[in-house]
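Student: I am new to this structure and would be grateful for a close look at a single part of it. Please explain how that part is arranged and what lies around it.

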Amino acid sequence: MSRILIIEDETIIRNALRRLLERNGYEVLEAESVEEANELEELDGTDLVIADLRLPGAPGTKAIGLIPDVPVLIMTSFASVRSAVDSMKQGAVDYIAKPFNHDELLLSVERVLAERRLARQNRALKSDVARSYPVAGMVGRSRPMREVFQRIDKVAPTNATVLVVGESGTGKELVARAIHEKSQRCAAPLVVMNCAAIPPNLIESELFGHEKGAFTSAVNAQQGLIEAADGGSLFLDEIGELTLEAQARLLRVMEDGEIRRVGAAHTKKVDIRLIAATHRDLHKMVSENAFREDLFFRLNVMEIQLPPLRERGKDVRELAEALLQRSCLQLNKPGMRLAAEAIDAMCGYDWPGNVRELEHAIERAVILCDSDVIGCDLLVLNARRSRQIPGNDNTRADLSLEEYFRAFVEIHQDDMTETQLAKRLGISRKALWERRQRLGIPRPKGR
Ligand SMILES: Nc1ncnc2c1ncn2[C@@H]1O[C@H](COP(=O)(O)OP(=O)(O)OP(=O)(O)O)[C@@H](O)[C@H]1O
Ligand SMILES: [Mg+2]
């Protein structure tokens, strides 16, 4: 039986919600505020939290991360779409507008719980799959990629700090995960922080945590990501975006193996392995005084450089085939293949967005293709960026971005959350919402 924690201060709503959930076979815990929830003894077995946004004391979004790995659904009054969007940004899995419709609420709950079950199964599956590939899920046999794989195998078992560099979309995050999964720390968490996605003034408190009252919005003491990664690895993505001050504090941790929460008097020992990634030229940033030289040397103990896709020769074809198979499975369109001229066009193209661009091009083609064979008309490669291949005029499909957007959303919206959709489209959730409005593609009911 799944257990749901309701955090809601209005008794009438809380009771109604509890009865509804209990009638549908859920076990329910209740609290009137985040602080009260924090005190509950039975928290551990909770599978989902439903929290009102406006509560006495800390807002409902503070329930995010209260119990590790437990999703939080935020309830907001109908009018405040903006606050709903904000709470999604902070990591809520979904939001429900009040007054809520019973069926919609139950559907949301069921979906979030089902996703959580799936994620757990996936994790178990992934560890099985990992055993059968040199580097889990990474396709490539070109010489530069073989060197990358060898490097990964060499550095993974050590505790050395690794800096992964490469153009955007070349697979830096995959490499970071592979290093963690092949290390002795693999049973402990890999904690990811995207330095570009966090407002600069919050980076320190994210990394180091803070004590209660350290600053105005610090209602509770909070563990930082470094502490959360204790015993495991911390992946600092887009490290080139750290402010100079945050760089200085990070350096301290690396030198002493100690952290101090913002507002705290004492330091604490931690044992983490750092993996960092950036698409920026850190050498250049160092020479422009935008990146600390001492930190750079500490991070750059081992460097793994990912080659751009255009330098990977025949890998393009192998990747295209692998990504095609994956898209076909996901979109339930089995048995598609790439026409010879489509493969030629792909091999002659520059791929400024690297593997990510290839992935999107394939997926778009699978969505739009009416037959079993994908020709180069469906690939929409930017002809100007193609190196000329004799006998191939790189015909462009006359397909607007809007048509693509519509097709993508309509096909995926039943099996993806809005957050996942936005991520795959490479836009923010807010932008997705606005575009839905503008193009008249409403979000389906019950999600
Ligand atoms: N060698 C590979 N084999 C299979 N898939 C790959 C490979 N490299 C990258 N991908 C896929 O391409 C996409 C982009 O990879 P990833 O997010 O790791 O790139 P990145 O370098 O971190 O990009 P960015 O700089 O934009 O953050 C992902 O979906 C990833 O699964
Ligand atoms: Mg990345």
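Tutor: Two strands are said to pair if DSSP finds at least two bridges between them. The model is predicted, and the part chosen here is an open sheet of five strands. Their order is β7-β8-β11-β6-β12, with parallel pairing. At the edges stand β7 (190-194) and β12 (302-305); each has a single partner strand, so one side of each is left without a neighbour in the sheet. From one strand to the next, the twist averages 20°.

The edge strand β7 may be followed in detail. With β8 (residues 233-237), β7 pairs in the parallel sense over five bridges. Within this pair, leucine 190 stands opposite serine 233 in β8. The helix α6 packs on the sheet, where it touches β6 (162-165), β7, β8, β11 (273-278) and β12. The direction of α6 makes about 170° with that of β11.

The same helix leads to the ligand. Ligand 1 is surrounded by 17 residues, of which the closest are Ser168, Gly171, Lys172, Glu173 and Val355. Two or more residues of this shell come from α6 (172-181), and two or more from α14 (354-368). By character, the shell around ligand 1 divides into five nonpolar, eight polar and four charged residues. Domain 2 (143-307) and domain 3 (310-439) each give at least three residues to the shell. Helix α6 thus appears in both settings: α6 packs on the sheet, and α6 gives residues to the shell around ligand 1.

Definitions and conventions:
Residues numbered from 1 in each chain as written. Chains lettered and ligands numbered in written order. Predicted model: local features only at pLDDT ≥ 70, side-chain atom pairs only at ≥ 80, totals over all residues. Near = placed C-beta within 6 Å. Helix = DSSP H or I, 4+ residues; strand = E, 2+ residues; numbered from the N terminus. Nonpolar A, V, L, I, M, F, W, Y, C, P; charged D, E, K, R; others polar. Domains from an automatic or database assignment. Axes fitted to C-alpha atoms, helices over the stretch in contact; angles between N-to-C directions. Contact = placed C-beta atoms within 7 Å.
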